[in-house]
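Q: Please choose one part of this protein and go through it closely. Start with something simple at the surface, then work inward. I would like to follow each step.

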Amino acid sequence: MNTSWNFRNANWFFNFPLSAQKMSFFYRQAGKKEIDGILVLNERALIRLLEIVGPITLLDTEQTLVSPFPIRKIIAAKNAFGFSQKNDHTSFDILGQFMQTLLMQLEKKPHPDITATLQVIQKSFMEKDMIAWASQPEHQAIIERNKWDGTLLQGDDHTDYLAVVISTI
């Protein structure tokens with residue numbers, strides 16, 4: 001059993017803003033800086049972003065990630081180096097490398113590609129493949145107003161939920 005607090009310890013709630021607040025708390029408890037916000041995305045959103053930036057090569061593993069199967073390739077990169085499930089920090093290291101490289105590639109895109117990138121981000125938010133949380137109330141209000149926050153809806157029309165969670169990383 002791991003006695004340190006990490007992001008993986010906070011994703012307990014299907015109401016994302018509550019999970020995000022806990023993630024922020026645990027991040028600070030681990031001695032890290034205050035964070036401005038949290039953005040999470042699923043495999044579909046990653047695939048859309050990869051379609052814009054093209055293949056990404058992870059520096060330490062020489063694995064190239066291309067659309068449409070980035071998560072499976074990340075797992076393959078982890079397994080190729082003999083990392084066991086018990087050594088799960090390595091999969092997060094690989095994800096970190098992937099996200100850092102993806103963000104660098106997005107920053108390098110020429111100006112006309114910005115429109116395509118923003119369209120992918122908007123589509124990902126609209127289809128709930130990407131959700132966000134901000135620590136500043138005024139920023140969180142914008143996220144909530146656009147329904148990008150992953151809050152469980154309340155009321156007669158929105159009272160039944162089914163949650164299926166599958167995690168391989």
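A: Start with Glu34. Its relative accessible area is 53%. The cut-off for exposed is over 50%, so Glu34 counts as exposed. Keep in mind that this is a predicted model. Glu34 has a salt-bridge partner, Arg28, and the closest N and O atoms of the two are 3.6 Å apart. Arg28 is partly exposed, at 33% relative accessibility. In total, the count of salt bridges comes to four.

Now the setting. The chain has 169 residues, and buried residues make up 30% of them. It holds six helices and four strands. Along the sequence they follow the pattern α-β-α-β-β-α-α-α-β-α. Take the contacts with a separation of 6 or more: 54% of them join residues 24 or more positions apart. The accessible surface is about 11400 Å², and carbon and sulfur atoms account for 56% of it.

The part to look at closely is helix H2, which spans residues 43-53. Begin at its start. There, a side-chain oxygen of Asn42 comes within 3.1 Å of the backbone nitrogen of Arg44. At the other end, Gly54 follows H2, and its phi is positive, near 85°.

Is H2 open or enclosed? Eight of its 11 residues are buried, so the rest of the structure largely encloses this helix. The buried residues are Ala45, Leu46, Ile47, Arg48, Leu49, Leu50, Ile52 and Val53. Most of these names are familiar nonpolar ones, but note Arg48 in the list. We will come back to Arg48.

First, the nonpolar side chains. The largest nonpolar core has 11 residues: Leu46, Leu49, Leu50, Ile52, Val53, Ile56, Leu58, Phe98, Leu102, Leu106 and Val120. Two elements give two or more residues to this core: H2 and helix H4 (89-108). H2 provides the largest share, five residues. In soluble globular proteins, nonpolar side chains tend to be buried together. Another core lies apart from this one. That second core has seven residues, among them Ala20, Met23, Ile131 and Trp133.

Now back to Arg48. It sits in helix H2. Its relative accessible area is 11%. Buried means under 20%, so Arg48 qualifies. What does Arg48 touch, leaving aside neighbours within four places in sequence? Its contacts are Val120, Lys123, Ser124, Glu127 and Asp129. Val120 also belongs to the largest nonpolar core.

One of those contacts, Glu127, forms a salt bridge with Arg48, at 2.6 Å from N to O. Glu127 lies in the loop between H5 and S4, and Arg48 lies in H2, so this pair ties together parts 79 residues apart in sequence. Glu127 is partly exposed at 36%, so its own cover differs in class from that of buried Arg48.

A second salt bridge reaches H2 through Arg44. Its partner is Asp129, at 2.8 Å from N to O. This pair also links distant parts of the chain. Asp129 is in the loop between helix H5 (112-126) and strand S4 (130-134), 85 residues away from Arg44. Here the helix residue is the partly exposed partner: Arg44 has 46% relative accessibility. Asp129 is buried, at 4%. Put the pieces together, and Arg44, Arg48, Glu127 and Asp129 are linked in a network of salt bridges.

Follow the loop onward to S4. Five of the five residues of this strand are buried, so the rest of the structure largely encloses S4. Its side chains point two ways. Met130, Ala132 and Ala134 point one way, while Ile131 and Trp133 point the other. Two of these, Ile131 and Trp133, belong to the second core. S4 pairs with strand S1 (residues 37-41) in the antiparallel sense, over five bridges. In one of these pairings, Gly37 has Ala134 of S4 as its bridge partner.

To sum up H2: it is largely enclosed. It gives five residues to the largest nonpolar core. Its Arg44 and Arg48 join Glu127 and Asp129 in the salt-bridge network.

Terms used
Residues numbered from 1 in each chain as written. Predicted model: local features only at pLDDT ≥ 70, side-chain atom pairs only at ≥ 80, totals over all residues. Heavy atoms only, no water. Core = buried A, V, L, I, M, F, W, Y, C linked by side-chain atoms within 4.5 Å. Buried < 20%, exposed > 50% of the residue type's maximum accessible area, 1.4 Å probe, protein only. Salt bridge = Lys/Arg side-chain N within 4 Å of Asp/Glu carboxyl O. Pairing = 2+ DSSP bridges. Polar contact = N/O pair within 3.5 Å; in protein donor to acceptor, adjacent residues only side chain to side chain. Contact = heavy atoms within 4.5 Å. Areas by Shrake-Rupley, 256 points an atom, 1.4 Å probe, with all protein chains shown as cover.
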